[in-house]
Amino acid sequence: MTSRANLIIELCIQIFILSLIGYTLYLTTIEIAIKWLINYRSQRLIGGAYLATLLFLIPLLGTVYVSLTLGRRTHNVPRYPLPDTDDLTEPYECINSSGDLATCAKCNGAWKPPRTHHCSTCGVCRMEFDHHCPWVGNCVTKSRLKPFLALLILTPVVFLVSILPVYGPLLRNIALALKVSQSDPWAQRVWWDWYGSWIFVGGPPGRFAFGIVLGFWILRAERKPDVPLMEQPNLRLFVICALVLLFSLFTLALAAWITKDLVRGVTTLDGIKGRRENQPLRFACIPGARIVAAVPNDERLYDLGFRSNIESVFCTPQPTSRTYVWPKINPSVLERLRKTSESNSITTS
Ligand SMILES: [Zn+2]
Ligand SMILES: [Zn+2]
């Protein structure tokens, strides 16, 4: 797929997500808090606390989301000239046994610092690349893992807080919609008796989810205009809750995956490369000891230990210097390379 087609698809995803955030804000603050809890049920204290909490959480979620979509072509893009390897004194990653540094053919041969990856969707080389996220339409880099994880955790938090006052009536209405749908002759004919309902909308869970949507659709004829939406079977509330629940489960799983990689000192891309069979080998050079050796792709080259890995994401301030700061290499890997080199030289002599 061309990067232009990707750009359009990701723009549509961003509009959809921002609309979902905006509509959730309207539904929770206006329909649930003001019209239902405060005005209809006169629960001013609970309604006020709910309103204040969501007026803080949902705009915060929207702000974090928008911040992650920004800088598609500018954030963490290397702006450093290719260093002379003769000047390097600290161990560094290289691409061959001569100790050469990586360059990017797609970026006119520009230097690709260690842990940099050319993102074909964004069309730029990105330093500290973790993965390209189509949901934010941007690359997620190590320096953006903090807001990215905040987004992943905030999504289920917003879902849990939003659902708190409405889960009882919502579950009752879902049971009612299912009962009405299964007993309605039209719904039976077009959906429940059709074999495709088991297959085409997400298998058995999709059969029941769409059956409930049909039930809400049938019940809409019985809606009373003077009663708040929350007191009646409400298709919109069901659809929004189902969507936000799905997003919440997805973001929780992703947060767990990224945290697992983060504490091991690897990126999502490192994990993918480590599992690929035909991936070109990486090399590490120790200039003082004149050692250049291959490092298998599944060896954690930048793992500095549990604590340092976490600190490097959550506690290290953003570098402000214009000078490139080389990432530190795993001391155990360097030790192994030194020992292998020594035993090789003993065997040769
Ligand atoms: Zn590039
Ligand atoms: Zn990207």
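**Exercise 1.** Over residues 101-163, what percentage of the chain is helix and what percentage is strand, and how many Å apart are the end C-alpha atoms?

*Solution.* The structure is a predicted model, and the stretch to examine comes from a record: an unreviewed UniProt entry lists residues 101-163 under "domain: Palmitoyltransferase DHHC". Within this stretch the chain is 30% helix and 30% strand, and the C-alpha atoms at its ends lie 53 Å apart.

**Exercise 2.** Describe how strand β6 is paired and whether its residues are buried or exposed.

*Solution.* Begin with the partner: β6 (residues 129-133) is joined by four bridges to β7 (residues 138-141), and the two strands run antiparallel. To fix the register, take F129, which stands opposite T141 in β7. Next, consider the connection, in which four residues separate β6 from β7 to give a hairpin, with G137 in the turn adopting a positive phi of about 60°. Finally, look at the surroundings of β6, which is mostly covered, since four of its five residues are buried.

**Exercise 3.** Determine the relative direction of the helices in the pairs α1 with α2 and α6 with α7, and characterise the residues at each contact.

*Solution.* For the first pair, α1 (residues 3-40) and α2 (residues 44-69) have axes that come within 9 Å and cross at roughly 170°. Angles over 145 degrees count as roughly antiparallel, and α1 is therefore roughly antiparallel to α2. The residues of α1 in this contact include I17, I21 and L25, while those of α2 include Y50, L54 and I58. Classified by type, the contact holds 15 nonpolar residues, seven polar and one charged.

For the second pair, α6 (residues 203-219) packs against α7 (residues 235-263) at an angle of about 160°, the axes being 9 Å apart; by the cut-off already used, α6 and α7 are therefore roughly antiparallel as well. Here A209, I212, V213, F216 and W217 of α6 meet L235, F238 and A242 of α7, and the contact consists of eight nonpolar residues, with no polar and no charged ones.

**Exercise 4.** Work out which strands stand at the edges of the sheet that contains β8, and why.

*Solution.* First establish the order, which is β1-β8-β9 in an open sheet of three strands with antiparallel pairing. Because β1 (92-94) and β9 (291-295) each have a single partner strand, one side of each is left without a neighbour in the sheet, and these two strands stand at the edges. From one strand to the next the twist averages 35°. Turning to the pairing of β1, three bridges join this strand to β8 (residues 282-286), and E93 stands opposite A284 in β8.

Conventions: Residues numbered from 1 in each chain as written. Chains lettered and ligands numbered in written order. Predicted model: local features only at pLDDT ≥ 70, side-chain atom pairs only at ≥ 80, totals over all residues. Axes fitted to C-alpha atoms, helices over the stretch in contact; angles between N-to-C directions. Parallel < 35°, antiparallel > 145°, perpendicular 65-115°, else oblique. Contact = placed C-beta atoms within 7 Å. Nonpolar A, V, L, I, M, F, W, Y, C, P; charged D, E, K, R; others polar. Buried ≥ 20, exposed ≤ 12 C-beta atoms within 10 Å, placed from the backbone. Pairing = 2+ DSSP bridges. UniProt positions renumbered as here; feature names shortened; annotations may be inferred.
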